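Work through the exercises below with the structure open. Each task is followed by a solution in steps.

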Amino acid sequence: MNELKDKISRLDSTRMPVHVAMIMDGNGRWAKKQGFMRSDGHAEGVSTVHRVTKLSSDLGIKYLTLYAFSTENWNRPDDEVATLMYLIGWAIERELPELLRNNVRIHLIGDIERIPEDARKRLFDARDATAHCTGLQLNMCLSYSSRWEIADAARKIARKAAAGEITPDEISEDLFASNLATAGMPDPDLLIRTGGEERISNYLLWQIAYSELYFTPVLWPDFSDEDYVDAIISFQNRERRFGKTSEQVQNED
Ligand code: IPE
Ligand code: IPE
Ligand code: MG
């Protein structure tokens, strides 16, 4: 605990990420390692979501975007999908009082209509109950894939053009971004993927154009507060150049 406090005290408060995105991977392998069922790994992963949300909130991070279930995850065995849907509904309901206490606002991203009704209702209830909260915004990506989101944005823009509300020449990067599910939010500064795979798996492809990527072999259920702070320390030690030279960036500072 003291080690954690010490690490946190070494963070540069002027260079905190505003938006952190995470790919929560490794639940299945965590379970297998202990000789448990994959669903036990998902259940254990819920505790990590709880801790990561609390620490983000305590650190003053404004947006935390979690990849909880991808469009491609629908192709998993039926019983695993059913367990995940049950866990998502159960966890959001259980966490609601604490989310409210910590002033956390829930925002849902993805094709939520595909989520079974029981879990969907609990998700909508949590979203509505936290709508007034002004602290951390917790974006839960569910039944989400970036290509789905980009195609969806293109559809919305095409409809506006067909209705004569905009002309093709008005389609700018800003206009496109304002039709994504993350409209109005800054892009992630830091993307963390646990579980050892170094890939993006159809996540936030537009939004991570300039995010700092952090891959760790730690499996999601084992991802500790210290591991999270290590990722932020790594982020703070990087120079974000956005195409400029190092000298230019240093002169701006
Ligand atoms: C991440 O853990 C959770 C979801 C994708 C829903 P996995 O279930 O992918 O765990 P591994 O990758 O099989 O270990
Ligand atoms: C990515 O994890 C999706 C989520 C964390 C929800 P996966 O475990 O599904 O990714 P792949 O299929 O191994 O790339
Ligand atoms: Mg995985």
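The exercises treat the surroundings of two ligands in a predicted model.

**Exercise 1.** List the residues that surround ligand 1, then sort the shell by class.

*Solution.*
Step 1. Collect residues with a heavy atom within 4 Å of the ligand. For ligand 1 this gives Met24, Asp25, Gly26, Asn27, Gly28, Arg29, Arg38, His42, Ala68, Asn73, Arg76 and Leu84.
Step 2. Assign classes, with Gly counted as polar. The shell around ligand 1 splits into three nonpolar, five polar and four charged residues.

**Exercise 2.** Which helices each supply at least two residues of the shell around ligand 1, and which element has the largest share?

*Solution.*
Step 1. Map the shell onto the helices. Helix H2 (27–34) and helix H3 (38–58) each give at least two residues.
Step 2. Pick the top contributor. H2 holds the largest share, with three residues.

**Exercise 3.** Find polar side-chain atoms that approach oxygen atoms of ligand 1, and state how much of ligand 1 the protein covers.

*Solution.*
Step 1. Apply the 3.5 Å cut-off for N and O pairs.
Step 2. Check the arginines. The side chain of Arg29 has an N or O atom 2.7 Å from an oxygen atom of ligand 1. For Arg38 the distance from a polar side-chain atom to a ligand 1 oxygen is 2.9 Å. For Arg76 it is 2.7 Å.
Step 3. Turn to area. Alone, ligand 1 has 380 Å² of accessible area, and the protein covers 87% of it.
Step 4. Place the ligand. Ligand 1 takes up the space of the largest pocket.

**Exercise 4.** Describe the shell around ligand 2 by residue, class and element.

*Solution.*
Step 1. List the neighbors. Ligand 2 is surrounded by Ile23, Met24, Asp25, Tyr67, Ala68, Phe69, Ser70, Asn73, Arg76, Arg193, Arg199 and Ser201.
Step 2. Sort them. Five are nonpolar, three polar and four charged.
Step 3. Find the leading element. Strand E2 (residues 63–70) supplies the largest share, four residues.

**Exercise 5.** Which side chains place a polar atom 2.6 Å, 3.1 Å or 3.3 Å from an oxygen atom of ligand 2?

*Solution.*
Step 1. Start at 2.6 Å. That distance belongs to Ser201.
Step 2. Go to 3.1 Å. Here the N or O atom is in the side chain of Asp25.
Step 3. Finish at 3.3 Å. This polar side-chain atom is from Arg76.
Step 4. Add the cover. The protein hides 78% of the 390 Å² of accessible area that ligand 2 has on its own.
Step 5. Locate the ligand. The space of ligand 2 is the largest pocket.

Methods
Residues are numbered from 1 along each chain as its sequence is written. Chains are lettered from A and ligands numbered from 1 in the order in which they are written. This is a predicted model: local features need pLDDT of at least 70, side-chain atom pairs count only at pLDDT 80 or more; totals for chains, interfaces and linings use all residues. Side-chain values use heavy atoms; hydrogens and water are left out. A polar contact is a pair of N or O atoms within 3.5 Å; within protein, one must be able to donate a hydrogen and the other to accept it, and residues adjacent in sequence count only if both atoms are side-chain atoms. Accessible areas come from the Shrake-Rupley method with a 1.4 Å probe; for residues, only the protein chains shown count as cover. On a 1 Å grid over the protein atoms alone, a cavity is a set of points where a 1.4 Å probe fits but cannot get out, and a pocket is an open set with protein on both sides within 12 Å along at least five of seven lines; lining residues have an atom within 4 Å of a point. A molecule sits in a cavity or pocket if more than half of its atoms lie within 2 Å of its grid points.
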